[in-house]
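Got the viewer open? Here is a walk through the fold, one selection at a time.

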Amino acid sequence: MTQTAIPCTLMRGGTSKGPFFLASDLPSDSAVRDRVLLAAMGSPDVRQIDGIGGADTLTSKVAIVSPSAHPDADVDYLFLQVVPDEPRVDASQNCGNMLAGIGPFAIENDLVAAADGETSVRIHMVNTASIAVATVQTPGGRMRYDGDARIDGVPGTAAPIVIDFLDIAGSSTGGALLPTGNARDTVEGIECTLIDNGMPAVVMRASDFGKTGHEDPSALETDTELKARVERVRLAAGRLMNLGDVAKKTVPKMCLVAPAEHGGAVSTRNFIPHKVHKAIGVFGAVSVATACAYPGTVAAEIAGVGSQLGERRLDIEHPTGFFTVDMLLVDDGGRVRVERSALLRTARKLMSGDVYVPTAVWDGSMRELATAGKTA
């Protein structure tokens with residue numbers, strides 16, 4: 001036998017796509033696991049021609065799922081970003097788009113029993129040790145994928161998946177929504193807001209870089225001077241956000257904000273971190289929406305939405321549409337605290353079967369015996 005077969009399910013989650021694995025089907029050693037995933041996805045190669053990766057960071061993602069020992073969760077979800085053109089697998093962040101596929105995958109693999117009507121799946125996000133609850137449609141106790149929900153960046157409609165995030169502020173940066181304690185900091189001469197509500201993000205005025213914030217992503221992608229300036233800010237901000245040396249990390253994300261064009265809170269152009277996103281990531285949208293609602297931030301100044309407490313709905317504009325985030329803001333001793341963030345996503349099962357890797361990479365031994373969280 002010259003190849004090792006590994007069961008997996010290819011799914012679209014939100015505006016991302018990638019293979020979903022049971023942790024028990026992968027190596028227990030994380031270094032071996034990463035080599036297996038690089039081979040499965042076809043990295044390093046900008047085309048990923050010798051694997052199932054989609055030659056783009058948005059389609060070179062992996063979800064690993066297992067039963068959870070967490071008292072508030074049903075399953076563990078470990079997200080891994082497989083870098084297309086480097087031999088690198090990054091576990092330093094969550095992915096809220098792939099998260100949309102976790103509930104359906106867990107139900108279809110008998111990790112969670114489906115109720116008649118809808119089923120809530122409690123998900124422990126291993127990367128950031130936080131909890132999300134995904135509510136999916138399960139009429140007759142079976143997973144439903146068709147429906148009337150539409151999200152920007154995905155053609156057609158599908159069944160809605162409502163995701164509630166519980167206490168995700170500071171999940172990657174030490175527990176604080178604003179890692180430096182400031183609503184604004186000046187980093188490398190640029191005034192910005194350093195924020196983490198599920199995704200470490202640096203929010204900056206597009207105008208401070210000589211941009212409108214409404215440019216096509218391709219125009220920003222080819223602006224090498226702009227990207228170099230953004231990267232200088234990112235490297236310095238990483239240390240301020242308790243992330244250490246981020247030169248080889250995919251966080252923090254960098255967001256240029258500008259006045260909205262289509263009635264939303266702000267317009268965004270996002271660096272993830274070295275390519276320009278054609279939309280905006282789930283957790284990135286949550287962090288930017290939080291910045292829009294938090295008094296004194298760069299985003300709040302541009303959005304002009306005020307700092308009203310209570311339930312808020314904010315539309316975050318991006319190059320291909322907008323992302324709606326529902327939030328509950330409460331007073332916490334004179335400071336604003338985000339008690340709840342929720343959003344709508346969709347997902348679809350695309351195929352299931354085996355992905356093959358050379359036996360020289362892995363012969364199928366040392367399969368996972370514990371949870372994903374213990375092998376991250």
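Start with everything shown as a cartoon. Of the 376 residues in the protein chain, 55% count as buried. Keep in mind that this is a predicted model. Colour by secondary structure and you should be able to pick out 7 helices and 17 strands. The radius of gyration is 20 Å, close to the 21 Å that the globule rule gives for 376 residues, so the chain is as compact as a globular protein of that length. Turn it along its principal axes and the C-alpha atoms fill a box of roughly 60 × 45 × 40 Å. Take contacts between residues at least 6 apart in sequence: 63% of them join residues at least 24 apart.

**Stop 1: the cores**

Select Y77, L99 and F165 and show their side chains. These are the residues with the most contacts inside the largest nonpolar core, which has 85 residues. Which helix gives this core its largest share? That is α6, with 9 residues.

Now centre on F165 and show what is around it. Leaving out residues up to four places away in sequence, F165 touches L99, M125, I131, A132, V282, F283, V286, R340, S341 and L343. There is also a second, separate core of 21 residues, and I6, L80, V355 and V357 are among its members.

**Stop 2: the aromatic pairs**

Next, look for rings that pair up. The count comes to 2 aromatic pairs. For the pair F20 and F105, the ring centres are 5.8 Å apart and the planes meet at 45°, so this pair is tilted. F20 sits in strand β2 (residues 16-22) and F105 in helix α3 (residues 102-108), so select both elements to see a pair linking distant parts of the chain, 85 residues apart. Both F20 and F105 are buried.

Then go back to F165 and add F283. Their ring centres are 4.8 Å apart with the planes at 55°, so this pair is tilted too. F165 belongs to strand β8 (residues 161-166) and F283 to helix α6 (residues 282-293), so the pair ties together parts that are 118 residues apart in sequence. F165 and F283 are buried as well.

**Stop 3: strand β11 and its neighbours**

Select residues 200-205, which make up strand β11. Is this strand mostly covered or open? It is mostly covered: 6 of its 6 residues are buried. Show the side chains and you will see P200, V202 and M204 pointing one way, while A201, V203 and R205 point the other way.

Add strand β10 (residues 190-196), which runs antiparallel to β11 and is joined to it by 5 bridges. Look for L194, which stands opposite V202. The two strands form a hairpin with 3 residues between them, and G198 in the turn has a positive phi of about 105°.

Now add strand β12 (residues 253-258), which pairs with β11 in the parallel sense over 5 bridges. Which residue of β12 is the bridge partner of M204? Look for L256.

**Stop 4: helix α5**

Select residues 224-240 to bring up helix α5, which has 17 residues. From its first C-alpha to its last it reaches 25 Å, close to the 24 Å expected at 1.5 Å a residue. Colour L226, V230, E231, V233, R234, A237 and G238: these are buried. The buried residues of α5 pack against β9 (185-187), β10, β11, α4 (217-221), β12 and β13 (266-271), so keep the strands from the last stop on screen. After the helix comes N242, whose phi is positive, near 65°.

**Stop 5: two single residues**

Zoom in on Q137, in strand β7 (residues 130-138). Residues up to four places away in sequence aside, Q137 touches G117, E118, R142, M143, R144, A159 and P160. Draw a line from the C-alpha of Q137 to that of G147: these atoms are separated by 9.2 Å, with the residues 10 apart along the chain.

Finish at G321, in strand β15 (residues 321-332). At 24% relative accessibility, G321 counts as partly exposed, because buried means under 20% and exposed over 50%. Leaving out residues up to four places away in sequence, G321 touches D152 and I316. As a last line to draw, join the C-alpha atoms of G321 and P259: they are 15 Å apart in space, and the residues are 62 apart in sequence.

Key
Residues numbered from 1 in each chain as written. Predicted model: local features only at pLDDT ≥ 70, side-chain atom pairs only at ≥ 80, totals over all residues. Heavy atoms only, no water. Buried < 20%, exposed > 50% of the residue type's maximum accessible area, 1.4 Å probe, protein only. Helix = DSSP H or I, 4+ residues; strand = E, 2+ residues; numbered from the N terminus. Pairing = 2+ DSSP bridges. Phe/Tyr/Trp six-rings, centres within 6.5 Å; stacked < 30°, edge-to-face > 60°. Expected span 1.5 Å × (residues − 1). Contact = heavy atoms within 4.5 Å. Core = buried A, V, L, I, M, F, W, Y, C linked by side-chain atoms within 4.5 Å. Rg over C-alpha atoms; globule rule 2.2 N^0.38 Å.
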